[in-house]
Amino acid sequence: LLKIGADLISVETGHAHNTFTIAFIRKLKKQFKTIQISAALVVDAGGAEALIKSGADNIRVGIGGGSHCTTRLVTGVGRPQLSAVADCFKITQKYNIPLLSDTGIRYAGDVLKAIIFGADAVMIGGLFTGTDECPGKIVVKEGKKYKYSWGMSTNMASEHKMLDLFTPTAIVKNSIKQMRSFIANSSRGEPKNFEEGTGGLMPYKGSVTIILNEFIQAIRRSMWYQGATTFTDLRNKARVVLVSSNTMAENVPRI
């Protein structure tokens, strides 16, 4: 990957604050002197600091908040996203390491909130499902267009749908076959695959550029409201206040 021009390698696991991931990052940094590593996923300051000290060049924050994710429901593990970003930002700011907020983006305003709480960038998945640029064929049901979408920790992803939608390399194909074989031959009497996600038909949305253009305009307008010209300026000027649950009713159109 480095030889063909990759700028960043993501070392990713559902919970990266563990000895195996930390040891692997150290090994990569020792073997490849110029490698840039993004480490995912963590939700607290301790995890962020451990990964940074092991050699991570940026940290991805978020467990269980994605639109396709059920991790918090089935395992009881996770943390509200803004709380996680704010906690990890204490550490990434200390080491001058970028923080990526991963999960929870439904509206453009969510991007601004993530930045205000400490994110340098956001990762968006579910919002882009159903676009032309998203893998998958358009499905017509009752006259409406959809695309299938699912979380990666689902039976749909691990069994057979991967090869139906993607054209992976031979190495990836072989890995998928091995994974299928392991699941099929498991003798532990466990379910075929413990799922931490869900999936289904997502409404077709056209080109992703439509969503991106709306986000750009909304972000500019938000910064205008707050008198900010840069994201750093925005973070310094924004104020966080407690609100009641009624704000959820007030935030949405009611006509």
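Which residues does Val61 touch, not counting residues up to four places away in sequence? In this predicted model, where local features need pLDDT of at least 70, side-chain atom pairs count only at pLDDT 80 or more, while totals for chains, interfaces and linings use all residues. Residues are numbered from 1 along each chain as its sequence is written, and side-chain values use heavy atoms, with hydrogens and water left out. With contact taken as heavy atoms within 4.5 Å, Val61 touches Leu41, Val42, Val43, Gln81, Ala84, Val85, Cys88, Leu99, Leu100, Ser101 and Asp102.

Val61 is also among the residues with the most contacts inside the largest nonpolar core, which has 30 residues, and the others so placed are Val42, Leu51, Ile59 and Leu99. Such a core is a set of buried Ala, Val, Leu, Ile, Met, Phe, Trp, Tyr and Cys residues joined through side-chain atoms within 4.5 Å, buried meaning under 20% relative accessible area with a 1.4 Å probe and protein chains only. Two or more residues each come from β1 (9–12), α1 (19–31), β2 (37–42), α2 (45–54), β3 (58–61) and α4 (81–95), where helices (H or I, at least four residues) and strands (E, at least two) are DSSP runs numbered from the N terminus.

Strand β4 (residues 99–102) is covered on both faces, with Leu99 and Ser101 buried on one side and Leu100 and Asp102 buried on the other. Strands count as paired if DSSP finds at least two bridges between them; β4 runs parallel to β3, joined to it by 3 bridges, and Ile59 stands opposite Leu99. Strand β5 (residues 121–123) likewise pairs with β4 in the parallel sense over 3 bridges, with Met123 opposite Asp102.

Terms used. Buried means under 20% relative accessible area, exposed over 50%, partly exposed in between (1.4 Å probe, protein chains only).
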